[in-house]
Amino acid sequence: MTAPLLGVNIDHAATLRQVRHAAYPAIKEVVEAAEAGGADFITAHLREDRRHIQDADVPAIMAASGTWLNLEIAAVPAMVEAACGWQPKSVCLVPERREELTTEGGLDVKGAAAAPAQAAAAALRAAGIEVSVFVDPDPEQIDAAAGAGADAVEIHTGAYANAANEEAAAREYALVAAAAAHGRAKGLTVNVGHGLTLANVGRLRQLDFIVEYNIGHSIICDALFCGLPQAVGRMRKALGL
Ligand code: PXP
């Protein structure tokens, strides 16, 4: 198996900037520092409420990056149209509620989000952009993501990451593992993300077919103590990279 890729989500570097409507930290320097530490690519979520990443950040990230951008967006026409214009390498379709603290669950692609996800995937793929869908570890959601035309699924690891004790973590891990195996069997690229830390990421490495790890909050927090390149390096080490 080839080594997985670490996508560093820089949303919360932009959060620090936006809480003061400041010009710093400059997104260019954030991208450069993450890549200096070994980020294989950069992930950013352009939320409807623009609480962290701003529209102008998207081309700025792409210009600064020596790797590529994985852009997270809601499956709504305005976002899809903007993404088709920016041409990131990949787009991850995520659910969005304005009042949520963070992305709280996967996209309900087998339910209410089926038609929007299908339309978004068709438009993005026609623009040459790879499409992944962020889903809960549920085989039916994975089947629906494949049916919607996704190239990849990103399995939501939040319930695993936030498990209150080892028993719950083992249970949630088993769900992620089963969903990941299901996605692989369907021929999808299987990625993971949300809530991953130095302490909990290692267990996922048993799933040696996972292609991308998308990790943000814990790396930005760790960077307060050791600097962003070092924090990315520490996560790479935790992933055995
Ligand atoms: N993957 C997706 C689809 C996300 O929405 C997020 C959070 O924006 C992440 C990964 C990264 O999660 P965290 O910041 O908890 O590492």
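In the predicted model, Asn 70 belongs to strand 3, which spans residues 69–73. With a relative accessible area of 2%, Asn 70 is buried, because this value falls under the 20% limit. The side chain of Asn 70 is joined to that of Ser 90 by a polar contact of 3.0 Å. Beyond its neighbours within four places in sequence, Asn 70 is in contact with Phe 41, Ile 42, Thr 43 and Ala 44, with Ser 90, Val 91 and Cys 92, and with Asn 214.

The partner in this polar contact, Ser 90, is placed in strand 4, and its relative accessible area of 8% likewise makes Ser 90 a buried residue. When residues up to four places away in sequence are not counted, Ser 90 touches Leu 69, Asn 70 and Leu 71, together with Ile 129 and Glu 130.

Another of the residues in contact with Asn 70 is Ile 42, which is found in strand 2, residues 41–45. Ile 42 is buried, its relative accessible area being 0%. Its contacts, leaving aside neighbours within four places in sequence, include Val 8, Ile 10, Val 31, Ala 34 and Glu 35, and also Ile 61, Ser 65, Thr 67, Trp 68, Leu 69 and Asn 70. By contrast with these contacts, a separation of 18 Å lies between the C-alpha atoms of Ile 42 and Val 201, which are 159 residues apart along the chain.

The surroundings of the ligand were examined next. The ligand is surrounded by 14 residues, of which the closest are Glu 72, Glu 154, Gly 195, Gly 216 and His 217. A nitrogen atom of the ligand is placed 2.4 Å from an N or O atom in the side chain of Glu 154, while a polar side-chain atom of Glu 72 lies 3.0 Å from an oxygen atom of the ligand. In the case of His 217, a polar backbone atom is 2.9 Å from an oxygen atom of the ligand. Of the 400 Å² of accessible area that the ligand has on its own, the protein covers 95%. The space that the ligand takes is the largest pocket.

Helix 9 comprises residues 217–226, and its buried residues are Ser 218, Ile 219, Ile 220, Asp 222 and Ala 223. These buried residues pack against two strands and two helices, namely strand 1 (5–9), strand 8 (212–215), helix 1 (11–18) and helix 10 (228–238). Residues three or four places apart in an α-helix point the same way, because such a helix has 3.6 residues a turn. In helix 9, the buried positions Ile 219 and Ala 223 are among those with this spacing, as are Ser 218 and Asp 222. Just after helix 9, Gly 227 adopts a positive phi of about 95 degrees.

Several loop residues were considered for their backbone geometry. Most residues other than glycine have a negative phi, and most peptide bonds are trans. In the loop between helix 1 and helix 2 (27–36), where Pro 25 is placed, the peptide bond from Tyr 24 to Pro 25 is cis, with omega near -5 degrees. His 21 lies in the loop between helix 1 and helix 2 as well, and has a positive phi, near 45 degrees, although it is a residue other than glycine. The relative accessibility of His 21 is 68%, so this residue counts as exposed, the limit being over 50%.

A positive phi, near 60 degrees, is also found at Gln 87, again a residue other than glycine. Gln 87 is located in the loop that runs between helix 4 (77–86) and strand 4 (90–93), and with 39% relative accessibility it counts as partly exposed. Gln 87 is touched by Ala 127, which also touches Cys 84 when residues up to four places away in sequence are not counted. Ala 127 is itself found in a loop, between helix 5 (114–126) and strand 5 (130–135), and it is partly exposed, with a relative accessible area of 22%. Computed along the chain, 78 residues separate Ala 127 from Arg 205, and the C-alpha atoms of Ala 127 and Arg 205 are 33 Å apart in space.

Methods: Residues are numbered from 1 along each chain as its sequence is written. This is a predicted model: local features need pLDDT of at least 70, side-chain atom pairs count only at pLDDT 80 or more; totals for chains, interfaces and linings use all residues. Side-chain values use heavy atoms; hydrogens and water are left out. Buried means under 20% relative accessible area, exposed over 50%, partly exposed in between (1.4 Å probe, protein chains only). Helices (H or I, at least four residues) and strands (E, at least two) are DSSP runs, numbered from the N terminus. Contact means heavy atoms within 4.5 Å. A residue is near a molecule or strand if one of its heavy atoms lies within 4 Å of it. A polar contact is a pair of N or O atoms within 3.5 Å; within protein, one must be able to donate a hydrogen and the other to accept it, and residues adjacent in sequence count only if both atoms are side-chain atoms. Accessible areas come from the Shrake-Rupley method with a 1.4 Å probe; for residues, only the protein chains shown count as cover. On a 1 Å grid over the protein atoms alone, a cavity is a set of points where a 1.4 Å probe fits but cannot get out, and a pocket is an open set with protein on both sides within 12 Å along at least five of seven lines; lining residues have an atom within 4 Å of a point. A molecule sits in a cavity or pocket if more than half of its atoms lie within 2 Å of its grid points.
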